[in-house]
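User: Could you take a close look at the aromatic rings in this model for me? I'd also like a quick word on the acidic residues afterwards.

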Amino acid sequence: MKPAIQTDAIVGLVLRGQPLIGRVLSSRGSRASIGFGGQRRDQELPQRDLTVIAGLEPAASRQPLPTPEAIQDCGVSARAVAETWWLLISDHKGSDGDLPCLSMVELADLVMASVTLASIAAVWDWLHGPQLWFRLRRDRSLQVRPLTEIQRQRGRNKQQRLLLQRQKRQLDLLRSPRPLSADLREQLDPEWRRTLERLQELALGDERLLLADANACEQMQQLSIEASRRSLRQWLMQRDLLDPDQPAGLRGSVWSATFEPELLEAAEDLKLCSERPQPGDPMRLDLADHRVYTLDDSGTREIDDGLSLMRDPQGDWIWIHIADPARLIEADSPLDLEARRRATSLYLAEGVRPMLPFSLAADVLSLRAGQRCAALSAGVRLDAEGAVQESKICRSWVQPRYGLSYDDGDELIELAPPGDEDLADLSLLLLRRQQWRERQGAIGFDRPEGRFRRLEDGPALQVIEPSAARRMVSEAMLLMGAVVADFGVRHDLALPFRSQPPADLPSPAELQALPEGPARDAAIKRCLSRGVQGTTPMPHFSLGLASYVQATSPIRRYADLLSHRQLIASLEGQTPLDKDRIGELIGDLDSPLRQGIQISREDQRHWQQVWLSMHREQTWTALFLRWLRPQDRLALVHVADLAMDLVGVAEGVDPKPGQSLQMSIQHVDADQGELRIQLEASST
């Protein structure tokens with residue numbers, strides 16, 4: 001039986017593929033407890049997996065175990081290793097079977113400046129890497145390799161390297177998000193061209209056929225494609241290998257391609273930087289003890305806002321926490337310029353075309369539950385009427401405790417379980433704020449909203465019902481916008497203020513003549529002006545606010561990120577951008593923002609028509625809203641079952657606004673964007 005390893009012995013081991021050294025803390029039976037340097041936890045391991053580092057001087061063995069950084073600083077010189085190998089083999093006169101052997105300590109003494117635990121760890125790590133010079137024998141001694149073996153291995157390595165380079169060139173060509181033209185396809189091996197043809201066939205067929213094809217699934221994995229028909233279709237669409245069922249405006253737009261490899265590499269670099277201190281971090285207010293809630297739709301990946309409540313006898317504080325991407329993304333860096341070019345994340349039926357790479361936006365930039373996250377936070381205390389009594393803005397550290405869906409939030413608000421009443425109390429405070437805005441003239445349209453999502457087998461209708469959690473979050477975001485705007489006004493800070501001119505609304509008698517609901521809402525919406533963004537703070541009519549700035553989605557809207565940078569500059573005594581420069585940036589954002597709205601509407605209209613073509617035999621109850629072009633009989637109607645408005649050429653009766661009708665589909669062509677409907681008087 002192998003004797004037990006002594007306590008305090010230094011041992012080498014390989015833990016989950018990583019070579020490490022450690023110190024034996026205790027041993028019992030066939031196992032030993034091992035301590036490590038740095039932040040790694042102690043481990044209990046089988047003694048058979050441990051190699052005792054024999055021959056260490058007592059002074060060296062008593063040194064503290066090295067951290068990973070200390071080991072990395074040591075390094076192993078390739079030249080020193082080669083010289084040591086030559087020294088050992090040059091005097092050898094025997095056969096290859098009895099080549100010289102030496103211990104780990106002896107090798108460290110020959111190739112390193114000094115024998116320390118850090119240098120021993122560096123040699124142990126190097127020994128388990130792709131080195132050619134020494135082999136680790138069963139007795140754990142190190143033996144030099146013969147020259148003939150080294151030469152053979154170098155030849156094999158060269159062949160393998162050439163093969164990998166050829167495969168990498170093929171994969172790089174296929175993984176590139178640019179269109180794969182006929183000329184580029186000719187650069188592929190015949191095997192890959194046949195694979196693409198097979199993948200195109202599977203993308204047009206049933207998903208079960210795709211998943212049953214083991215060879216195709218393996219090739220998709222090589223190409224980093226998720227094993228699903230939807231992912232395959234998207235991959236083929238990006239390379240112009242499959243006719244896309246997408247809005248015409250999307251092709252050639254800033255959202256039509258994925259991020260360039262250089263930007264993805266930059267995103268990965270920033271993820272690594274996130275763990276290191278950044279400028280401004282020492283000034284952050286530590287709010288990690290706050291019970292922070294984040295609430296979003298299920299499946300949301302970019303989590304950019306959270307709420308918490310701070311109890312105070314003089315009046316509770318609402319805290320609104322917004323992700324702080326400005327901590328990592330420098331102004332005018334390549335990632336920043338790309339985000340500015342896109343201006344916003346684009347939401348389509350098939351998914352999100354993000355403003356920033358998801359690998360970054362949904363990771364270290366998001367407010368992730370259980371993680372210590374950088375944020376820009378606003379604390380607000382309301383008076384009894386709901387007006388802002390006191391507010392403060394700061395950069396902070398938060399650690400969200402709860403990542404909730406809106407359904408989860410509704411349940412917590414309704415039940416207010418003992419010990420977890422914060423969300424219910426926040427809901428009441430923000431309801432008070434909403435009522436205050438309404439007294440200032442705010443106009444709200446709290447109705448169900450329908451939206452189509454693209455699934456593998458066609459469009460799916462998602463109806464978002466108003467709920468307490470959604471109202472609370474929406475009101476909190478508006479409150480944040482009002483506080484930021486007020487900060488800008490008080491500090492004469494240039495910000496991208498949003499405003500809306502006053503509207504001449506229909507008279508109470510005119511509104512009373514319409515049924516409450518979508519018809520009355522449509523009459524009001526028709527009178528409202530489009531929002532304006534500029535550097536001058538002005539009232540926002542429909543929000544009931546004296547000034548307003550969007551600052552709650554800096555991961556998804558560039559103007560919000562711009563607002564954050566201005567606030568941070570002011571808070572930290574830096575020089576913010578002046579009004580002229582902010583005005584220029586706002587102007588740069590206008591075109592992609594307008595284009596994004598147009599593409600999103602076109603996308604939803606397309607899938608709306610696809611949906612109607614799938615249900616063309618159905619009769620719908622519809623509410624006539626108004627004529628858009630009476631001469632063409634182009635009508636706007638509301639379908640409650642879809643929770644959305646439809647635009648189509650209407651035949652049949654000549655209805656009045658607010659009249660309930662029966663609607664059927666006469667003709668629909670989603671490819672051409674055509675919809676003709678038949679309107680008949682309702683029998684009820």
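Analyst: Here's a walk through the aromatic rings, followed by a few acidic residues.

A bit of housekeeping: this is a predicted model, so local features need pLDDT of at least 70, side-chain atom pairs count only at pLDDT 80 or more, and totals for chains, interfaces and linings use all residues. Residues are numbered from 1 along each chain as its sequence is written, and side-chain values use heavy atoms, with hydrogens and water left out.

On to the rings. A pair of aromatic rings is described by the distance of the centres and the angle of the planes. Rings of Phe, Tyr and Trp (its six-membered ring) pair if their centres lie within 6.5 Å; planes under 30 degrees apart count as stacked, over 60 as edge-to-face and the rest as tilted. The structure holds six aromatic pairs. One of them joins W85 and W86, a tilted pair with 6.3 Å from centre to centre and 40° between the planes. W85 is buried at 6% relative accessible area, while W86 is exposed at 55%. (Buried is under 20% relative accessible area, exposed is over 50%, and partly exposed is in between, with a 1.4 Å probe and protein chains only.) W126 and F134 make an edge-to-face pair, because their planes sit at 70° with the ring centres 6.4 Å apart. W126 and F134 are both buried. Back with the tryptophans, W85 and W86 belong to one aromatic cluster with W133.

Now the acidic residues. E260, E262, E265 and D269 gather in a patch of negative charge on the surface. Patch members have over 30% relative accessible area and no salt bridge (a side-chain nitrogen of Lys or Arg within 4 Å of a carboxyl oxygen of Asp or Glu), and like charges are joined within 9 Å. Of this group, D269 is found in helix α12, residues 261-273; a helix here is a DSSP run of H or I with at least four residues, and a strand is a run of E with at least two. D269 counts as partly exposed, at 46% relative accessibility.

Two other aspartates are worth a look for their backbone. D8 has a positive phi of about 80° although it is not a glycine. D8 is found in the segment before β1 (10-15), and is exposed with a relative accessible area of 52%. D240 also isn't a glycine, yet has a positive phi of about 55°. The place of D240 is the loop between α11 (229-238) and α12, where D240 is partly exposed at 41% relative accessibility.

Methods:
Patches are made of residues with over 30% relative accessible area and no salt bridge: like charges are joined within 9 Å, nonpolar side chains (Val, Leu, Ile, Met, Phe, Trp, Tyr) within 5 Å. Accessible areas come from the Shrake-Rupley method with a 1.4 Å probe; for residues, only the protein chains shown count as cover. Lys and Arg count as positive and Asp and Glu as negative; His and the chain ends are not counted. The place of a charge is taken as NZ of Lys, CZ of Arg, CG of Asp or CD of Glu.
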